[in-house]
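Welcome! Here are some exercises to work through with the structure open beside you. Try each task before reading its solution.

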Amino acid sequence: MIQTDILIIGAGPCGLFTVFEAGLLKLRCHLVDALPQAGGQCSEIYPKKPIYDIPAYPSILAGDLVDQLMEQAAPFEPGFTLGERAEEIEKDEEGQFILTTNRGTKHRAPIIAIAGGLGCFEPRKPPVEGLANFEDHGVEYIIKDPEFYRDKKVVISGGGDSALDWAIFLAEGVAKEVTLVHRRTEFRGHLDSVQKVMDHASEGRIRLMTNAEVVEVQGEADLQSVVIKKKEEGMHTLETDHWVPLFGLSPKLGPIADWNLNITKNAVEVDTFDYSTNVPGIYAIGDINSYPGKLKLILCGFHEATLMVQSAFKRIYPDKNLVLKYTTVNGVNGF
Ligand SMILES: Cc1cc2nc3c(=O)[nH]c(=O)nc-3n(C[C@H](O)[C@H](O)[C@H](O)COP(=O)(O)OP(=O)(O)OC[C@H]3O[C@@H](n4cnc5c(N)ncnc54)[C@H](O)[C@@H]3O)c2cc1C
């Protein structure tokens, strides 16, 4: 059981900044995110795009903003449960929340801060019969740790950056065999990645199959082979240890919708006094919340996080006095 003061659901920019603001009040945080990396939309959707409306940064790449937020949070030693979706919330006899993820990891905290953005990014799954039987038995939709594929035969499907980048990475001395399957002949990814895939293909490090798609998965308990349909050549059975369809991720509110929170248009209603929800002890900040005048902007989420932790502190320590101290005066004293 992971115990913390504020359990943050969502490690996007607003969740990460919460760690800093909470840390100034000596509150510890732990973040849970369904994605394998921190940064939310900034890391997942547009890491290389410049953002122009972060105060004091005339321009900053979204990925760099995440790096800076991680550095700013570091003195407060946040814990992370990544690659796991927050699934169920219940209360124990001491009034603390117990949060369980889809992988069964349990977390306990007096406060929950939902910073879930647009919700969980769910993988777009190809319509292949029996696919669910092989999930986590050879079929994965995101690559969390490339080492998992060391010396394995891997088939990757997709034509975007994710598919290209992972095919390249795994082909460069990690996997035993890499096959990249794509429905078309043109790729959507960056030109230099496409070129690299072509180079690896001509040098035999990647087996490239275009105008092709995986139509069948075969095996006993674990995946053993996939059947690939090529437009002109017909069916082709390929032995493999893994099939990784990388067809993108789409956000869904997911389990948060079942936590008895007041929800309007896929967002959690909050009181703008402290961004509390209708469930005492649960707050919602960033893109996930809704109130009159709400703007889905990072800087608004930062403001919400700052006010929210003050309220959380008073809930945890009702008898303690909280005095606002400037960081210029007090510094940043980590744990
Ligand atoms: C292309 C693009 C450009 C943008 N440009 C700008 C800009 O210029 N300026 C600006 O201010 N904003 C911009 N935005 C919006 C900005 O990215 C969002 O406002 C910001 O990411 C919201 O941060 P967040 O922390 O609230 O949520 P997110 O960044 O969405 O992060 C939420 C995290 O919560 C996780 N999560 C959700 N549900 C669960 C669950 N049940 N269990 C575990 N994890 C969960 C998700 O996996 C995700 O990682 C842009 C957005 C896009 C898509």
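Domain bounds here come from an automatic or database domain assignment. The model is a predicted one: local features need pLDDT of at least 70, side-chain atom pairs count only at pLDDT 80 or more, and totals for chains, interfaces and linings use all residues. Residues are numbered from 1 along each chain as its sequence is written.

**Exercise 1. Domains**

Find the domains of the protein chain and state how far apart their C-alpha centres lie.

Solution. Start with the bounds: domain 1 covers 2-122 + 250-330, and domain 2 covers 125-247. Next, take the C-alpha centres of domain 1 and domain 2, which lie 35 Å apart.

**Exercise 2. A five-stranded sheet**

Work out the strand order of the open sheet of five strands, and then its edges.

Solution. You need some terms before you begin. Helices (H or I, at least four residues) and strands (E, at least two) are DSSP runs, numbered from the N terminus. Two strands pair if DSSP finds at least two bridges between them.

Step 1: the order is 6-3-2-10-22, with parallel pairing.

Step 2: strand 6 (79-82) and strand 22 (282-284) are the edge strands, each pairing on one side only.

Step 3: from one strand to the next, the twist averages 20 degrees. For angles, axes are lines fitted to C-alpha atoms, for helices over the stretch in contact, and the angles run from 0 to 180 degrees between N-to-C directions.

Step 4: look at single pairs. Strand 3 (residues 29-33) is joined to strand 6 by four bridges in the parallel sense, with Asp-33 opposite Leu-82 of strand 6. Four bridges also link strand 2 and strand 3, again parallel, and Ile-8 has Leu-31 in strand 3 as its bridge partner.

Step 5: find the helix on the sheet. Helix 6 (residues 298-316) packs there and touches strand 2 (6-9), strand 10 (111-114) and strand 22. The direction of helix 6 makes about 165 degrees with that of strand 10.

**Exercise 3. The nonpolar cores**

Describe the largest nonpolar core, then look for a second one.

Solution. A nonpolar core is a set of buried Ala, Val, Leu, Ile, Met, Phe, Trp, Tyr and Cys residues joined through C-beta atoms within 7 Å. A residue is buried if 20 or more other C-beta atoms lie within 10 Å of its own, exposed if 12 or fewer, and partly exposed in between, with C-beta atoms placed from the backbone.

Step 1: the largest core has 49 residues, and Ile-6, Leu-7 and Ala-113 are among those with the most contacts inside it. Helix 6 gives the largest share of this core, seven residues.

Step 2: zoom in on Ala-113. Leaving aside neighbours within four places in sequence, the contacts of Ala-113 include Ile-8, Thr-18 and Met-308. Contact means that the C-beta atoms of two residues, placed from the backbone, lie within 7 Å.

Step 3: a separate core of 29 residues includes Val-154, Val-178, Leu-180 and Val-181.

Step 4: check strand 2. Ile-6 and Ile-8 point one way, Leu-7 and Ile-9 the other way, and all are buried. In a regular strand the side chains alternate between the two faces of the sheet.

**Exercise 4. Helix 1**

Is helix 1 mostly covered or uncovered, and why does its length agree with the expected span?

Solution. Of its 12 residues, 11 are buried, so to say helix 1 is mostly covered fits the cut-off for buried residues. The cover includes strand 2, strand 3, helix 2 (40-44), helix 3 (62-73), strand 10 and helix 6.

For the length, the expected span is 1.5 Å times one less than the number of residues. The 12 residues of helix 1 (residues 13-24) should therefore span 16 Å, and the end C-alpha atoms are 17 Å apart, which agrees. Just after helix 1, Lys-26 has a positive phi of about 65 degrees.

**Exercise 5. Glu-77**

Why does Glu-77 count as exposed?

Solution. Glu-77 is in the loop between helix 3 and strand 6. Glu-77 counts as exposed because it has 12 C-beta neighbours inside 10 Å. Not counting residues up to four places away in sequence, Glu-77 touches Gly-334 and Phe-335.
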